Amino acid sequence: MTFNSMLDSIQTYEAGKPIDLVVREFGIAENEVVKLASNENPLGASPKAIEAIITNACNAHLYPDDSMFALKEALGKHYGVQSNEIIIGSGSDQIIEFCIHAKANPKSKILMARTTFAMYEVYAKAVGAQVVRTPSHEHNLQEFLSAYQTHKPDIVFLCVPNNPLGECLESKEVFELLKQIDSNCLVVIDGAYQEFAKAKDSNKAICPKNLTEMFPNAIYLGTFSKAYGLGGMRVGYGIAKQEIIQSLLKLRPPFNITTLSLAAALEALKDQKHIEKSIQNNLTQMPLFERFATEKGFKYTPSYTNFITYYFESPLDSTQIADYLLQKGMIIRNLSSYGLNAIRITLGTEEQNKKFFMLFQQYLENRN
């Protein structure tokens, strides 16, 4: 059987390995496995969100409210925007797909950083668009501007903060770049980790209302998968002017969010105390990872997310490190597929992080 030839240039996205896989392959008890690979919230979801899932389970046979009225109203109030300026997706990556299908075609060019969220490229290639990357791994605004002027892309992706590296542009830098971009170019600001960034440095905070009022060609993406701890519920959202939202809605399949997901997201949004607790855990644990890297002589990217990236030089090898940790029941993300000798570690609880440091120290001692 033959398939679309554009698939030949697309690599299958590798998600973080599930706990069940480690249990099966290495015979490790499930309660001994620690997953620090997918940037999930180690504190879990808000108890109120979990209660909402349980309460609404009896309605699992019913389709959800396809207007998503309550969640849009709540998000609108949270961000100070109108509910008709919001679209809900099955994770923010579904909205990324909507953006590309709505704006790009085989003649299009799509601009992004050299190392950034992999699904930008996957969805771009799926429509036959040409992917243009900046030379630097991290976001460099001069490189973005130069590439924009050279290639005149239809879409620009800015991951603020950037996954999988962790660096974050300041809002004034983002706005300065947008001032030099044509109004017919769609600029996607991926704010999946914005809750962590703005808590660490207010200069990194992107206000969706200010963004879209100043730049009607921009869309802000958010998610309930990270700070809100609802990765398993798959709820993301986009905020933009109504013209953009109306175009994207034409691509949205009916009932793309489940009844349980809607209920959980709504309660999670209300429970800001749980978000504050999750962010505080992140702020407390991050310096421990930075100190460990400094003591061991590893380079790292100062991170504005809930993860940190360690870089290695030969003879240390990220694949060997990741495999060793995996066999010990510690799941982290190997970034060799990005062409980097590096690993990405999600910040866990204090206990989980201590176990990571212990196992990594064991690896270093065993190889000497």
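Helices, of at least four residues, and strands, of at least two, are DSSP runs numbered from the N terminus. The exercises below use these labels on a predicted model.

**Exercise 1. Where does glycine 91 lie, and is it buried or exposed?**

Solution. Start with the elements on either side: glycine 91 lies in the loop between strand E2 (86-89) and helix H4 (92-103). Next, take its relative accessible area, which is 1%. Buried means under 20%, so glycine 91 is buried. Last, look at its contacts. Not counting residues up to four places away in sequence, glycine 91 touches Arg234, Val235 and Gly236.

**Exercise 2. Which loop holds arginine 234, and what is the sign of its phi?**

Solution. Arginine 234 is found in the loop between strand E7 (218-223) and strand E8 (236-239). Its phi is positive, about 55°, although the residue is not a glycine. Its relative accessible area is 31%. Partly exposed covers the range between 20% and 50%, so arginine 234 is partly exposed.

Lysine 152 can be treated in the same steps. Lysine 152 sits in the loop between helix H6 (141-151) and E5. It has a positive phi of about 50° and is not a glycine. With a relative accessible area of 53%, lysine 152 is exposed.

**Exercise 3. What span should the 12 residues of helix H11 have at 1.5 Å a residue?**

Solution. Helix H11 covers residues 259-270. The expected span is 1.5 Å times one less than the number of residues, so for H11 the rule gives 16 Å. The end C-alpha atoms of H11 are 17 Å apart, which agrees.

**Exercise 4. How many residues of H11 are buried, and which helices do they pack against?**

Solution. Count first: 9 of the 12 residues are buried, so H11 is largely enclosed by the rest of the structure. Among them are Leu262, Ala265, Leu266 and Leu269. The buried residues pack against helix H2 (47-56), helix H3 (69-79) and helix H12 (272-296).

One pair of residues gives a distance to go with this. Alanine 70 lies in helix H3, and its C-alpha is 7.5 Å from that of leucine 266, although the two are 196 residues apart in sequence. Alanine 70 itself is partly exposed, at 40% relative accessible area.

**Exercise 5. Which residues does threonine 346 contact, leaving aside its neighbours within four places in sequence?**

Solution. Threonine 346 belongs to strand E13 (residues 342-346). Its relative accessibility is 2%, so it counts as buried. The contacts are Leu36, Ala37, Ser38, Asn39, Glu40, Asn306, Phe307 and Asn353.

**Exercise 6. Which residues does a cis peptide bond join?**

Solution. One such bond joins asparagine 163 and proline 164, with omega about 25°. Proline 164 is in the loop between strand E5 (155-159) and helix H7 (171-178). Another joins serine 314 and proline 315, with omega about 15°. Proline 315 is in the loop between strand E10 (307-311) and helix H13 (318-327).

**Exercise 7. What radius of gyration would a compact globule of 368 residues have, and what does the protein chain have?**

Solution. The globule value is near 21 Å, and the protein chain has 21 Å, which agrees. For the extent, the C-alpha trace spans about 60 × 55 × 55 Å along its principal axes. Buried residues make up 53% of the 368 residues. Of contacts between residues at least 6 apart in sequence, 73% join residues at least 24 apart. The secondary structure comes to 14 helices and 13 strands.

Notes. Residues are numbered from 1 along each chain as its sequence is written. This is a predicted model: local features need pLDDT of at least 70, side-chain atom pairs count only at pLDDT 80 or more; totals for chains, interfaces and linings use all residues. Side-chain values use heavy atoms; hydrogens and water are left out. The radius of gyration is taken over C-alpha atoms; the globule rule is 2.2 Å times the number of residues to the power 0.38. Buried means under 20% relative accessible area, exposed over 50%, partly exposed in between (1.4 Å probe, protein chains only). Contact means heavy atoms within 4.5 Å.
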